[in-house]
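Trainee: I'd like to learn how to read aromatic rings in a model. Can we walk through one together?

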Amino acid sequence: METKEETSNIEAFSTEQGPIMSSVKHENGLTSAHTIDHDSWQQVGLLLVTSFNCGYILSFSNLMLVPLGWTWGIICLVVVGLYTAYANWLLAAFHFINGQRFIRYRDLMGFLFGRELYYITWVFQYLTILLGNMGFILLGGKALKEINSEFSDSPLRLQYYIIITGAAYFLFAFLIPTMSAMRRWLGISTILTFTYIIILLVVLVKDGKSNKKKDYKIHGSKADKVFNGFGAISAIIVCNTSGLLLEIQSTLRKPAVENMRKALYTQYTAGLLVYYGVSIVGYWAYGSVVSTYLPEDLSGPKWVKIVINFATFLQSIVSQHMFLAPIHETLDTKFLKLDESMDSKENIKRRFYVRALLFSFNTFVTAAFPFMGDFVNLFGSFTLIPITFVFPSMIFLKVKGKTARLEKKVWHWSNIILFSLLAVVTTISAVRLIGNDVQQYSFFANT
């Protein structure tokens, strides 16, 4: 990932030694209602693997490979995967700067660049988190509707299942308040994950062998191909990163930098092989007509779709919690009584209210705008690209700019310029796609 010199230079600014004075605790983000400095890297690694292999992967064959085709699709999967791993690897080193620990991305950006970048990071992260959670709610609703479709020719409207999904997510978030508290559920999540993935892969291979008329051509006008291609790049970025690395890293016990990198190894080996594998096999099986929700295409007995959809729904209840945890942490730190237990009577009441308001808002917006692909492309463009690729290079130049070699400066400035341009282009592509869907669908559409 990094050269030996780059690693040693970063570590000089990332020491975890020495006490942090109480007078700067709040300034550097160490006041929190949630658990800090507690979890093992194995727990976080498993959390990353299961969370990134959530129901979202059932749409990636369509979103990532159909617009790009085989050649450009595989190239982009490899390049974006490697680059995303590098960017997260680099950012993990700045969890500590001169002995000060930063448990929130926005706190680090504010410390180095001032209040303006603090708020920009805050907005980018929260838009990413909220849009991602809406996508989760939509996927959960789709899974439940697919189950209903196996028993009835006239299933209930999608919006009913979106409400059920939102309620289930709320209940889990209320009962399991923090990211660290998820450890008791990771075993269940792992079983559910590999249950639906193994069954899915078996059916996909069977369907792929029987499908003799696969079409892998990229359809549409030249403009459509270009914009859809950039939309696919956004989806690949979403597939590989969350933009929440420092918040996830905050739960790790020391040495947090080393432990975070071990967890990233797990994600970008075992985890990546699974979600890339499902995406590639799905595209191979059905070609350019693959659905935005893979279970809709599956053949075989009724129980296959029921098991896959039900396991996907249950697994999403657990996995969505990791991606939304930073908002829970912010609200809990703001509104809960920090001098009382998380499970005190007063804090339980307050946690109920803040969780209920959050999920009521997300569920309502999801029911009104049920356009699955748009969620993925939008938050993979103008928010996730900067916080994943642009900001880490800005941080490196700020911290190491005076002592870094010229080629290092050129490398990171190139990253900043290239990915800023990519963010603009992919955002235009996402907005264009949303515009097309708004014309095609009505609000509260029963998709």
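**Reading the rings**

Mentor: Start with two rings: Phe-170 and Phe-174 are both buried (under 20% relative accessible area, with exposed over 50% and partly exposed in between; 1.4 Å probe, protein chains only). Mind that this is a predicted model, where local features need pLDDT of at least 70, side-chain atom pairs count only at pLDDT 80 or more, and totals for chains, interfaces and linings use all residues. Residues are numbered from 1 along each chain as its sequence is written, and side-chain values use heavy atoms, leaving out hydrogens and water.

Trainee: How many aromatic pairs does a search of the whole structure find?

Mentor: In general, a pair of aromatic rings is described by the distance of the centres and the angle of the planes. Here the search gives 27 aromatic pairs (Phe, Tyr or Trp rings, the six-membered one for Trp, with centres within 6.5 Å; planes under 30 degrees apart are stacked, over 60 edge-to-face, the rest tilted). Tyr-83 and Trp-411 are a stacked pair, 5.9 Å centre to centre with 25° between the planes.

Trainee: Which parts of the chain does that pair link?

Mentor: Distant ones: Tyr-83 is in helix α4 (residues 69-92) and Trp-411 in helix α15 (residues 406-440), 328 residues apart. Helices here are DSSP runs (H or I, at least four residues), numbered from the N terminus.

Trainee: And which residue lies over the face of Phe-174?

Mentor: Arg-351, at 5.1 Å from the ring centre. The rule is NZ of Lys or CZ of Arg within 6 Å of the ring centre and within 35 degrees of the ring normal. Likewise, Lys-214 lies over the face of Trp-284, at 5.0 Å.

Methods. Helix = DSSP H or I, 4+ residues; strand = E, 2+ residues; numbered from the N terminus.
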